[in-house]
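Here are my notes on this model, point by point. Please read them with the structure open.

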Amino acid sequence: MSKKRKLLFRITIGLNIVLVAIVAWGIIKMNFVNEQVLVTEAQNNLVELESLIAYQSDNNWSEPNLVTTELGDVLNGIWLGMTTGEQLGALSKSDKGILEELYSKLNQYPNDELYSFADLTEKDKKNFENLQQTLREVGLGSNIPISVKLDSFMYQAEALNEKIEAPLK
């Protein structure tokens, strides 16, 4: 092989290595973005929902729409996480199924719609209080350390799916 060919071969190999590194870095960044969307938009909102339910329960449900509005934020966060994960190709079928089931189960609770607040009955309030206890049991509560890893959140979401009744009683 001539010197030119050897040099060209080495340059090609070097460029291929750089290209593989760039692609790998892009995949890592996409997975990180997906994790952050689910952690900030779903997991953190679930913790806030637990806190709001506890606060409302302690204060005789003086402002129930804080809870129903936060539940809407949780649902939007789960939907955003599913959509983002699917578009990035960073969400497994199993994780997508867990999130879809969680979305469905949480959607059975009263939540606010655009320009319309939900009215809560005593039964609804009791169901929310049960949800608050369930959230704490799976580690999604105030003053409980949470992990910012997707695997940890998916484990909590799966545990939540197992504990939430469908349909609500």
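1. W61 counts as buried, at 8% relative accessibility. The cut-off for that label is under 20%. The model is predicted, so please read every value here as computed from it. W61 is found in the loop between α1 and α2. The backbone deserves a look too: W61 has a positive phi of about 50°, although it is not a glycine. Most residues other than glycine have a negative phi.

2. N143 also has a positive phi, of about 65°, and is not a glycine. Its place is the loop between α4 and α5. Is N143 buried or exposed? N143 is exposed, with a relative accessible area of 81%. The cut-off for exposed is over 50%, so the label follows. W61, by contrast, is buried.

3. Back to W61, this time as a neighbor. W61 is one of the residues that F128 touches. F128 sits in helix α4. F128 has a relative accessible area of 0%, so it counts as buried. Which residues does F128 touch, leaving aside those up to four places away in sequence? They are I53, W61, V67, T68, L71, Y109, P110 and L120. For Y109 there is also a distance. F128 and Y109 are 19 residues apart in sequence, and their C-alpha atoms are 7.7 Å apart in space.

4. T84 is found in helix α2, which covers residues 65–88. T84 is buried, because its relative accessible area of 17% is under the 20% cut-off. The side chain of T84 has a polar partner: it reaches the backbone oxygen of L80 at 2.8 Å. Not counting residues up to four places away in sequence, T84 touches N34 and V37.

5. Now the salt bridges. The count comes to 6. One of them joins the side chains of E86 and K96, at 3.0 Å from N to O. This pair links distant parts of the chain: E86 is in helix α2, K96 is in helix α3 (residues 93–106), and they are 10 residues apart. E86 is partly exposed at 46% relative accessibility. K96 is also partly exposed, with a relative accessible area of 25%.

6. K96 has another partner. It forms a salt bridge with E100, and the closest N and O atoms are 3.5 Å apart. Where do K96 and E100 lie? Both lie in helix α3, 4 residues apart, about one turn of the helix. An α-helix has 3.6 residues a turn, so residues three or four places apart point the same way. E100 counts as partly exposed, at 39% relative accessibility.

7. K163 and E137 meet through their side chains in a salt bridge of 3.3 Å, N to O. The pair links distant parts of the chain: K163 in helix α5 (residues 150–163) and E137 in helix α4 (residues 122–137), 26 residues apart. Salt bridges with shared partners also join E86, K96 and E100 into one network. As for exposure, K163 is partly exposed at 43%. E137 is exposed, because its relative accessible area of 54% is over the 50% cut-off.

8. Helix α5 merits a length check. How far apart are its end C-alpha atoms? They are 20 Å apart. At 1.5 Å a residue, the 14 residues of α5 should span 20 Å, so the two values agree. The buried residues in α5 are L150, F153, M154, Q156, A157, A159, L160 and N161. What covers them includes α1, α3 and α4.

9. Last, a surface feature. L19, V23, I27 and M30 form a nonpolar patch on the surface. Together they have about 340 Å² of accessible area. L19 is placed in helix α1, which covers residues 3–58.

Key: Residues numbered from 1 in each chain as written. Predicted model: local features only at pLDDT ≥ 70, side-chain atom pairs only at ≥ 80, totals over all residues. Heavy atoms only, no water. Helix = DSSP H or I, 4+ residues; strand = E, 2+ residues; numbered from the N terminus. Buried < 20%, exposed > 50% of the residue type's maximum accessible area, 1.4 Å probe, protein only. Polar contact = N/O pair within 3.5 Å; in protein donor to acceptor, adjacent residues only side chain to side chain. Contact = heavy atoms within 4.5 Å. Patch = residues over 30% accessible without salt bridge, like charges linked within 9 Å, V, L, I, M, F, W, Y side chains within 5 Å. Areas by Shrake-Rupley, 256 points an atom, 1.4 Å probe, with all protein chains shown as cover. Salt bridge = Lys/Arg side-chain N within 4 Å of Asp/Glu carboxyl O. Expected span 1.5 Å × (residues − 1).
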